[in-house]
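Biologist: I would like to learn how to read a model like this one. Please take the features in turn, with the general idea before the case.

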Amino acid sequence: MAFDLEQFAQTSVPVKYEDLDFDTFESQPLDAQTLRSLRYMCDVEYHTSCFLRDLLVTPSHREEDAGGFMTMWNREEFWHGEALSMVLARHGIIVDYDEVKAKREKLGWMGALGPLKQSVLTNLAGTDFVAVHMVWGAANELSAVAAYRRLSAMTDHPALSPLLKRIAQQETRHVAFYTTQGRERLEASQTAQKIVRMVMSRVWKPVGSGMMDESEVRHVMGHLFGGHGDEMDKLDKRIQKLPGLDGLTIFRSAFARLGVPA
Ligand SMILES: [Fe+2]
Ligand SMILES: [Fe+2]
């Protein structure tokens, strides 16, 4: 699916949840495993919006489309965090955006791109940085769609499942943006292909790594994808379709490194 910024701008709205009956969480509360995963997802969503300011100083924002996308993308992610925090609050778990923001500032903005900073980022410039950023974003957004759909199916809850499906629907447009942008940069440069291959196969880690404890990353990825090698393969196939990235198995490899069974 190609990405249409104008259409995205016209139709971007905070995810709707007011019509869902959150009182059902009283009669059908979520189990501890699910709440732990939701807490993680909520933090990750909030973190996204905390570093917009910093993303805007990278070469990516000067690219046509990217600056405009990022503003609305961050707003959508912020509202995903808000919606999930409402679900958690119904279970006595309070997530405070300002606290998450304070933590983010301590970590530095690169938490979002994980260990990329220490490895190659400082040596990248211009187009190559943008290519890495876009493919990295595509992998994160693809896994977000899969995670929300999995949790929606696993819980089959009258309020949670429709909410997660709505969030996943918005994430698919984020996937479209990042893959469209990534594809263009990869098509244009074999150097970009080489760098992206290297970074994605050696450095990429599931979203949330670097900002959450590894035990939490392992829990969430195991809870959602453990024993589901088929889901991992589906994700890998999407990245393999990008120019020059055939044969990459970033999801399988990253999950295996975490100790999540396929
Ligand atoms: Fe999100
Ligand atoms: Fe997203």
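Modeller: Start with metal donors: they are N, O and S atoms within 2.8 Å of the metal (3.2 Å for Na, K and Ca), and water is not among the atoms, so sites may look incomplete. Here the donors of the iron ion (ligand 2) follow the spacing E-x63-E-x29-E-x2-H along the chain. The model is predicted: local features need pLDDT of at least 70, side-chain atom pairs count only at pLDDT 80 or more, and totals for chains, interfaces and linings use all residues. Residues are numbered from 1 along each chain as its sequence is written, chains are lettered from A and ligands numbered from 1 in the order in which they are written, and side-chain values use heavy atoms, with hydrogens and water left out.

Biologist: Which residues coordinate the iron ion (ligand 2)?

Modeller: They are Glu77 (OE), Glu141 (OE, listed twice), Glu171 (OE) and His174 (ND1), at 1.9 to 2.8 Å. The pair Glu141 in helix 8 and His174 in helix 9 links distant parts of the chain, 33 residues apart. A helix here is a DSSP run (H or I, at least four residues), a strand is an E run of at least two, and both are numbered from the N terminus.

Biologist: And what coordinates the iron ion (ligand 1)?

Modeller: Its donors are Glu45 (OE, listed twice), Glu77 (OE), His80 (ND1) and Glu171 (OE), at 2.0 to 2.3 Å. Along the chain they follow the spacing E-x31-E-x2-H-x90-E. Glu77 and His80 are three residues apart in helix 5 (residues 66-89), so about one helical turn separates them.

Biologist: How far apart are the iron ion (ligand 1) and the iron ion (ligand 2), and which residue bridges them?

Modeller: They lie 3.7 Å apart, and Glu77 is the bridge.

Biologist: Are these ligands buried or exposed, taking Glu77 as the case?

Modeller: Buried means under 20% relative accessible area, exposed over 50%, and partly exposed in between (1.4 Å probe, protein chains only). Glu77 has a relative accessible area of 3%, so it is buried. Glu141, at 5%, is buried too. His80 has 0% relative accessibility and counts as buried, and His174 is buried with a relative accessible area of 0%. In the protein, buried residues make up 56% of the 262 residues.

Biologist: Where does Asp156 lie?

Modeller: Asp156 is in the loop between helix 8 (126-155) and helix 9 (160-188). It has a positive phi of about 45° although it is not a glycine. Asp156 is exposed, because its relative accessible area is 65%.

Biologist: How many helices and strands does the protein have?

Modeller: There are 13 helices and zero strands.

Biologist: How should I read the packing angle of helix 12 and helix 13?

Modeller: Axes are lines fitted to C-alpha atoms, for helices over the stretch in contact, and angles run from 0 to 180 degrees between N-to-C directions. Under 35 degrees is roughly parallel, over 145 roughly antiparallel, 65 to 115 roughly perpendicular, and the rest oblique. Helix 12 (residues 229-240) and helix 13 (residues 250-258) pack at about 135°, with axes 7 Å apart. They are therefore oblique to each other. Contact means heavy atoms within 4.5 Å; among the residues making it are Met232, Leu235 and Ile239 of helix 12, and Phe251 and Phe255 of helix 13.
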